[in-house]
Amino acid sequence: MKIAIFIDAWFPFTGGAQIQIKNLIHILEKDYDCRFSVLHSPSANILVRFLWSIWVIPQAIFLYRKYKFDLIHSHAYWPGIPGKIISKILN
């Protein structure tokens, strides 16, 4: 299964969401042979995260054409908005 994960802040920023996603990826890759594409903001800055939530939409559509992921997982508030838009566009 191919899974796209949207998260607005990623390492080196470390918080509960980042650790949870990292552990989720580790377990699902090992036990269920899943493959992941993690799309994240380049910074934890609130303005950059907001702009990323707009930019990630065309980025994810381009990525979908290449990898045909089966599932979108949006983690947290800002990634949820583009995640919903992309799910509607891609069915």
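# A guided tour: helices, a sheet and two rings

Start by selecting helix H2, residues 46–67: this helix lies across strands E1 and E2, and it runs at about 155° to E2. Keep in mind as you look around that this is a predicted model.

Now add helix H3, residues 77–90, to your selection. Helix H3 packs on the sheet, where it touches E1 and E3. Compare directions here, and you will find that H3 makes about 160° with E3.

**The sheet**

Next, hide the helices and show the strands. In what order do the three strands of the open sheet lie? Reading across, the order is E2-E1-E3, and the pairing is parallel. At the edges you will find strand E2 (35–40) and strand E3 (71–75), each of which pairs on one side only. Turn the view to look along the sheet: from one strand to the next, the twist averages 20°.

Zoom in on strand E1, which covers residues 2–7. How many bridges link E1 with E2? There are six, and the two strands pair in the parallel sense. For one place to click, select Lys-2, which stands opposite Arg-35 in E2.

**A stop at Ser-37**

Stay on strand E2 and select Ser-37, which lies in it. Is Ser-37 buried or exposed? Its relative accessible area is 18%, so Ser-37 counts as buried, the cut-off for buried being under 20%. Show the neighbours too: leaving aside residues up to four places away in sequence, Ser-37 touches Ile-3, Ala-4, Ile-5, Leu-63 and Tyr-67. Of these, Ile-3 is one of the residues to light up first if you want to see a contact for yourself.

**The aromatic pair**

Now for the rings. The structure holds one aromatic pair. Select Tyr-64 and Phe-69 to see it: the arrangement is edge-to-face, with 5.2 Å from centre to centre and 75° between the planes. Switch on the surface and compare the partners. Tyr-64 is partly exposed, at 23% relative accessible area, whereas Phe-69 is buried, at 7%.

**One last jump**

Finally, go to helix H1, residues 16–32, and pick out Ile-27. This residue has 43% relative accessibility, so Ile-27 counts as partly exposed. How far apart are the C-alpha atoms of Ile-27 and Phe-69? Draw a distance line between them: these atoms are separated by 18 Å, while the residues are 42 apart along the chain.

Definitions and conventions. Residues numbered from 1 in each chain as written. Predicted model: local features only at pLDDT ≥ 70, side-chain atom pairs only at ≥ 80, totals over all residues. Heavy atoms only, no water. Phe/Tyr/Trp six-rings, centres within 6.5 Å; stacked < 30°, edge-to-face > 60°. Buried < 20%, exposed > 50% of the residue type's maximum accessible area, 1.4 Å probe, protein only. Pairing = 2+ DSSP bridges. Helix = DSSP H or I, 4+ residues; strand = E, 2+ residues; numbered from the N terminus. Axes fitted to C-alpha atoms, helices over the stretch in contact; angles between N-to-C directions. Contact = heavy atoms within 4.5 Å.
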